[in-house]
Protein chains: 2
Amino acid sequence: MSLTLPLPRVILQKDTTRTPVWFMRQAGRYLPEYRALREQYRDFWTRCFTPEVAAEITLQPLRRFDLDAAIIFSDILTVPWALGQHVRFEAGEGPKLSPLTHGNDLVFLKPEGALQRLAPVYAALRLVREQLDPAKSLIGFAGAPWTVATYMIEGGGSRTFSRAFRWLYEDPASFNTLMELLARITADHLIAQVRAGADTVQIFDTWAGVLPEVPFRDVCIRPTRAIVDAVRAACPGVPIIGFPKGAGAKLATYAQDTGVDAVGLDPMTPLQWARDTLCGTVALQGNLDPLLLVAGGPALDTAVDRILGAFADVPHVFNLGHGIVPETPVAHVAQVLERVRQYRQN
Amino acid sequence: MSLTLPLPRVILQKDTTRTPVWFMRQAGRYLPEYRALREQYRDFWTRCFTPEVAAEITLQPLRRFDLDAAIIFSDILTVPWALGQHVRFEAGEGPKLSPLTHGNDLVFLKPEGALQRLAPVYAALRLVREQLDPAKSLIGFAGAPWTVATYMIEGGGSRTFSRAFRWLYEDPASFNTLMELLARITADHLIAQVRAGADTVQIFDTWAGVLPEVPFRDVCIRPTRAIVDAVRAACPGVPIIGFPKGAGAKLATYAQDTGVDAVGLDPMTPLQWARDTLCGTVALQGNLDPLLLVAGGPALDTAVDRILGAFADVPHVFNLGHGIVPETPVAHVAQVLERVRQYRQN
């Protein structure tokens with residue numbers, strides 16, 4: 001069934017005549033209807049884990065815009081939470097976790113039962129699938145092991161990731177154990193999302209950009225490959241998008257060695273280089289700068305046209321290069337969508 | 001004279017038989033003798049702008065280690081300070097500036113007289129040159145216009161650089177005026193450093209990594225090219241190292257289009273890719289991960305050998321991929337130096 005949908009067809013390189021479009025963080029704070037719901041359900045975890053609420057938030061942008069896909073409203077930190085780590089969100093701050101400090105702490109993680117704890121995510125996906133136009137895709141997602149581990153070890157966001165790197169460099173064996181555990185649970189989580197109605201999945205490696213070459217191979221590519229292999233075995237034909245933000249020139253190896261079907265390009269990626277280096281191996285997704293979506297105006301139109309032109313005859317999903325920021329005017333999102341749709345009519 | 005020194009010879013691609021070595025932030029908090037001086041001169045600007053103190057700090061690592069170069073102890077924010085912007089450093093925090101908020105604020109910058117205000121930097125360079133072994137290089141430096149502008153606009157460090165980007169996207173004309181002003185004063189500052197005794201200069205573009213492709217051309221490459229042209233015209237034969245941290249695949253264009261003699265590679269740059277893509281155009285510098293220098297042990301030796309091996313027969317300056325961090329054990333710096341020196345004896 002999913003192969004009749006435009007998004008999977010393009011990602012699997014079966015169609016270059018269409019440009020499907022969705023936006024990372026298309027459900028979120030820039031939408032007044034999201035902010036209204038947030039007044040009612042003030043706790044972030046409540047919004048994620050109440051299936052009706054998460055489903056409603058997921059569908060909000062689809063009611064407003066002619067997007068090709070919904071992406072389930074959830075968070076990459078659901079996985080550490082399901083593993084028993086204390087994770088909390090406070091308004092206006094980033095996430096806070098009780099950090100793992102060394103390899104011995106791994107015994108406190110509880111992989112058994114983790115998927116059951118994530119059941120509300122799957123319930124939300126089923127609710128979305130029931131209500132969503134059958135011509136639209138539904139995207140499931142998870143964080144990649146490296147990115148999720150940085151939060152688990154740093155206890156939140158970081159600028160230097162020095163705790164995660166020290167662990168990796170000083171005790172590579174237990175770091176690898178953590179990577180393998182996260183790869184296994186992440187694969188199971190993605191498979192469960194597909195079984196609940198997702199027809200496409202994306203793996204977010206938001207902090208891949210800080211990894212030197214050798215760790216990039218060991219903690220980005222290798223665990224991602226394990227996830228891709230497991231998802232593909234359980235869910236053949238379901239397209240997998242990998243998004244190793246900031247990978248730079250290492251995107252070539254990532255595309256080759258992980259086995260993903262498409263790569264998300266961040267705004268820093270040069271278009272012609274991506275085309276020359278990655279096309280043939282993978283489909284491309286991206287890479288509009290979210291801050292251009294804030295600015296709007298002719299600069300935005302020029303940037304949209306430049307991306308559409310560069311990828312006109314290769315499999316390409318139009319998207320941002322990272323998530324929509326809260327101060328984005330809703331009208332600018334509509335402006336981009338209209339321009340992408342018109343492009344294919346010419 | 002400078003062409004008898006190993007560092008300029010390698011950067012100008014006249015010698016591939018030696019591997020000169022220095023470390024970004026080799027003078028600084030990881031050294032007990034620096035921390036002792038800091039007790040005496042607690043204000044950062046006092047340490048920068050008292051020539052005897054800045055010279056002493058510059059020479060400290062050379063007394064301890066067999067490095068090929070001293071780099072003047074100073075800061076990239078001396079330039080906004082000299083332009084009349086309020087810049088302060090408080091212990092344990094990053095720099096704080098009274099931010100420029102839009103194009104109209106540019107009238108408050110005072111380029112006239114800026115070089116005179118920077119006279120203590122040149123006095124410090126002259127003191128270092130008098131005391132430094134004539135077989136060692138002395139490196140002058142400045143921040144690149146984009147990186148310096150981010151501090152001037154954000155008022156300090158930033159994670160998103162959203163003010164700088166909004167200005168750039170919404171008022172590119174006045175942003176360009178700022179870039180041109182910074183390029184002019186930065187070139188003059190580098191030329192004055194050469195006249196005071198620097199035989200090599202480095203341009204630090206620490207935040208180049210957040211620039212999408214089009215802004216990378218407009219606010220990284222173009223102003224850097226202007227600086228390189230001006231420095232080369234005034235100081236022919238003085239090698240220029242460009243360090244656009246995080247440039248990823250765009251390093252190829254940077255190496256081609258700025259005219260720098262060498263590029264600094266950050267730890268994220270793949271070695272073979274850098275060799276294949278950049279050699280012939282520029283010499284290479286880098287790219288050991290500073291957090292491996294903290295970790296030490298066999299992982300450090302392996303990483304050093306990998307870098308030396310990859311660049312054994314091309315012009316290469318051994319260095320870190322970004323600055324030494326304060327918690328670095330002094331013994332690990334000695335360990336790396338010894339390994340680099342031994343490598344060339346084999």
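In this predicted model, the two chains meet through the same surface, because 100% of the interface residues of chain B are also interface residues in chain A. The superposition of the copies fits this picture nicely. Chain B can be placed on chain A by a turn of 180 degrees, with a shift of 0.0 Å along the axis and an RMSD of 0.0 Å. The two copies are therefore related as by a two-fold rotation axis.

A look at a single copy comes next. Chain A is built from 16 helices and 9 strands. Along the principal axes, its C-alpha atoms fill a box of roughly 60 × 45 × 40 Å. How does the radius of gyration of chain A agree with that of a compact globule? For 346 residues, such a globule would have a value near 20 Å, and chain A, at 19 Å, agrees with this. Of the contacts in chain A with a separation of 6 or more, 74% are between residues 24 or more positions apart.

The inside and the outside of the chain can be described in turn. Of the 346 residues in chain A, 61% are buried. The area that chain A exposes is about 12700 Å², and carbon and sulfur atoms supply 51% of this area. As for charge, chain A carries 34 positive and 35 negative side chains. The centres of these two sets lie 1 Å apart.

Helix α8 of chain A, residues 145–154, gives a helpful example of burial. Is this helix largely enclosed or largely open? Here 10 of the 10 residues are buried, so the helix is largely enclosed by the rest of the structure. The buried residues of α8(A) include P145(A) at one end of the numbering and E154(A) at the other, with W146(A), Y151(A) and M152(A) also among them. Just after α8(A) comes G155(A), which takes a positive phi of about 85 degrees.

A second example comes from a strand. A69(A) belongs to strand β1 of chain A, which covers residues 69–71. Why does A69(A) count as buried? Its relative accessibility is 0%, and buried means under 20%, so A69(A) falls in that class. Which residues does A69(A) contact, leaving aside its neighbours within four places in sequence? The partners are L7(A), V21(A), W22(A), Q26(A), L62(A), S137(A) and I139(A). M268(A) lies 199 residues from A69(A) along the chain, and the C-alpha atoms of these two residues are separated by 24 Å.

Notes
Residues are numbered from 1 along each chain as its sequence is written. Chains are lettered from A and ligands numbered from 1 in the order in which they are written. This is a predicted model: local features need pLDDT of at least 70, side-chain atom pairs count only at pLDDT 80 or more; totals for chains, interfaces and linings use all residues. Side-chain values use heavy atoms; hydrogens and water are left out. Copies are superposed by least squares on the C-alpha atoms of residues with pLDDT of at least 70 in both. Contact means heavy atoms within 4.5 Å. Helices (H or I, at least four residues) and strands (E, at least two) are DSSP runs, numbered from the N terminus. The radius of gyration is taken over C-alpha atoms; the globule rule is 2.2 Å times the number of residues to the power 0.38. Buried means under 20% relative accessible area, exposed over 50%, partly exposed in between (1.4 Å probe, protein chains only). Accessible areas come from the Shrake-Rupley method with a 1.4 Å probe; for residues, only the protein chains shown count as cover. Lys and Arg count as positive and Asp and Glu as negative; His and the chain ends are not counted. The place of a charge is taken as NZ of Lys, CZ of Arg, CG of Asp or CD of Glu.
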